[in-house]
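Dear colleague,

Please find below the structure for your review. My findings follow directly after it.

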Amino acid sequence: TCGPGQSFVEWYYRVSPPIAAFIADHESLKIAVRLGLAPLVYTVKNPLFILLMVFVPLFVFVLRKKTRRKR
């Protein structure tokens with residue numbers, strides 16, 4: 001038996017080549033996949049991006065909500 005990680009890797013190597021080949025044959029799918037993956041790749045390459053784009057606006061939202069309640 002193998003663990004969930006090894007099972008996922010085996011599944012990935014079995015399933016991904018035909019999917020990648022299909023995407024490679026369709027220009028519109030290549031563009032869509034690149035656009036879909038771009039935020040993930042950018043976030044992995046620039047971890048501070050998450051802080052700036054998610055946590056800072058969330059912090060500002062919570063802070064503004066608290067200051068409105070005090071009025």
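What should the 19 residues of α2 span at 1.5 Å a residue, and how far apart are its end C-alpha atoms? The expected span is 27 Å (1.5 Å times one less than the number of residues), and the end C-alpha atoms of α2 are 25 Å apart, which agrees.

This is a predicted model, in which local features need pLDDT of at least 70 and side-chain atom pairs count only at pLDDT 80 or more, while totals for chains, interfaces and linings use all residues. Residues are numbered from 1 along each chain as its sequence is written, and side-chain values use heavy atoms, with hydrogens and water left out.

The chain holds three helices and zero strands (DSSP runs numbered from the N terminus: H or I of at least four residues, and E of at least two). The radius of gyration, taken over C-alpha atoms, is 20 Å, well over the 11 Å of the globule rule for 71 residues, so the chain is more spread out than a compact globule. That rule is 2.2 Å times the number of residues to the power 0.38.

Helix α1 covers residues 4-24. A bend of about 35 degrees occurs in α1 at S16, with P17 following within four residues; in α2, the bend is about 40 degrees at L37, and P39 follows within four residues. Each bend is the angle between axes fitted to the seven residues ending at a residue and the seven starting there.

Between the two helices, F22, I23 and A24 of α1 meet L29, K30 and V33 of α2 (heavy atoms within 4.5 Å).

Yours sincerely
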